[in-house]
Amino acid sequence: MKRGRLEPPSPAAAMASESAPRAEDLIARFQLRPHPEGGWYREWQRSSLTVTRQDGATRSGLTTILFLLEGPQPSRWHRVSGADEAWIFLDGAALELLCLPPAGGASERRLLNAPLRDPAADPIAVVPAGW
């Protein structure tokens, strides 16, 4: 048997093992379902008021969604059309949000983190419609 020094788990492995029971609890508590783009979600609220978009289509004035990513789980690219999308960070490891302009080009990187963990962090990002 080879003996050696025990190495502490990598930060990613430690985060995944610490977040697993907590993620399971949140998924159960809020009755989250698998999201087609990755992660877990539940529509929390949908306004009964409607607004008319510039293209003439109508949509709810506001929808709110709970969204959870476990550890290093990614969320796939998607286009936000017809409405701004607000991301509000509550807890866990920092979240990297990448945005592409409608015509393509370089992505814009936004890093969201818990303000109590990182005083310089932004806990909210808004992705404009069309990105």
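Is Arg53 buried, partly exposed or exposed? In this predicted model, Arg53 has a relative accessible area of 25% and is therefore partly exposed. The side chain of Arg53 takes part in a salt bridge with Asp55, in which the closest N and O atoms are 2.6 Å apart. Asp55, by contrast, counts as exposed, because its relative accessibility is 55%.

The protein chain comprises 1 helix and 9 strands. Along the sequence these elements follow the pattern α-β-β-β-β-β-β-β-β-β. Of the 131 residues in the protein chain, 18% are buried. The accessible area of the protein chain is about 9,800 Å², and carbon and sulfur atoms contribute 56% of this area. When contacts between residues at least 6 apart in sequence are considered, 47% of them join residues at least 24 apart.

Helix 1 spans residues 11-29 and includes Glu24. With a relative accessibility of 53%, Glu24 counts as exposed. The C-alpha atoms of Glu24 and Glu70 are 9.1 Å apart in space, while the two residues are separated by 46 residues in sequence.

An open sheet is formed by 3 strands in the order 1-2-5, with antiparallel pairing. Strand 1 (33-34) and strand 5 (63-68) occupy the edges and have a single partner strand each, so one side of each is left without a neighbour in the sheet. In general, strands of a sheet pair through backbone hydrogen bonds, in either a parallel or an antiparallel manner. Here, strand 2 (residues 40-46) and strand 5 run antiparallel and are joined by 6 bridges. Within this arrangement, Gln45 stands opposite Thr64 of strand 5. A salt bridge links Glu43 and Arg46, with 2.7 Å between the closest N and O atoms. Both partners are classed by their accessibility: Glu43 is partly exposed at 33%, and Arg46 is partly exposed at 47%.

The largest nonpolar core has 10 residues, namely Val80, Trp87, Phe89, Leu95, Leu97, Cys99, Leu112, Ala114, Ala125 and Val127. At least two residues of this core are supplied by strand 7 (95-99), and the same holds for strand 9. Strand 7 provides the largest share of the core, with 3 residues. One of the core residues, Val127, touches Val80, Asp84, Glu85, Trp87, Leu97, Cys99 and Arg110 when residues up to four places away in sequence are not counted.

A nonpolar patch is also present on the surface, where Ile88, Leu90, Ile124 and Val126 together have about 430 Å² of accessible area. Val126 belongs to strand 9 (residues 124-127). The relative accessibility of Val126 is 42%, so this residue counts as partly exposed. Val127, in turn, is a member of the largest nonpolar core.

Salt bridges number 6 in total. Among them, Asp91 and Arg117 meet through their side chains at 3.1 Å, N to O. Asp91 is located in the loop between strand 6 (85-88) and strand 7, and Arg117 in the loop between strand 8 (108-112) and strand 9, so the pair ties together parts that are 26 residues apart in sequence. Asp91 has a relative accessible area of 36% and is therefore partly exposed. Arg117 is likewise partly exposed, with a relative accessible area of 48%. The two residues also belong to a network of salt bridges in which Arg22, Asp91 and Arg117 are linked.

The loop between strand 8 and strand 9 also contains Asn113. Asn113 counts as buried, because its relative accessibility of 11% lies under the 20% limit for buried residues. Apart from neighbours within four places in sequence, the contacts of Asn113 are Phe89, Gly92, Ala94, Asp118, Ala121, Asp122 and Pro123. One of these contacts, Phe89, is also part of the largest nonpolar core.

Note on methods. Residues numbered from 1 in each chain as written. Predicted model: local features only at pLDDT ≥ 70, side-chain atom pairs only at ≥ 80, totals over all residues. Heavy atoms only, no water. Patch = residues over 30% accessible without salt bridge, like charges linked within 9 Å, V, L, I, M, F, W, Y side chains within 5 Å. Areas by Shrake-Rupley, 256 points an atom, 1.4 Å probe, with all protein chains shown as cover. Salt bridge = Lys/Arg side-chain N within 4 Å of Asp/Glu carboxyl O. Helix = DSSP H or I, 4+ residues; strand = E, 2+ residues; numbered from the N terminus. Buried < 20%, exposed > 50% of the residue type's maximum accessible area, 1.4 Å probe, protein only. Core = buried A, V, L, I, M, F, W, Y, C linked by side-chain atoms within 4.5 Å. Contact = heavy atoms within 4.5 Å. Pairing = 2+ DSSP bridges.
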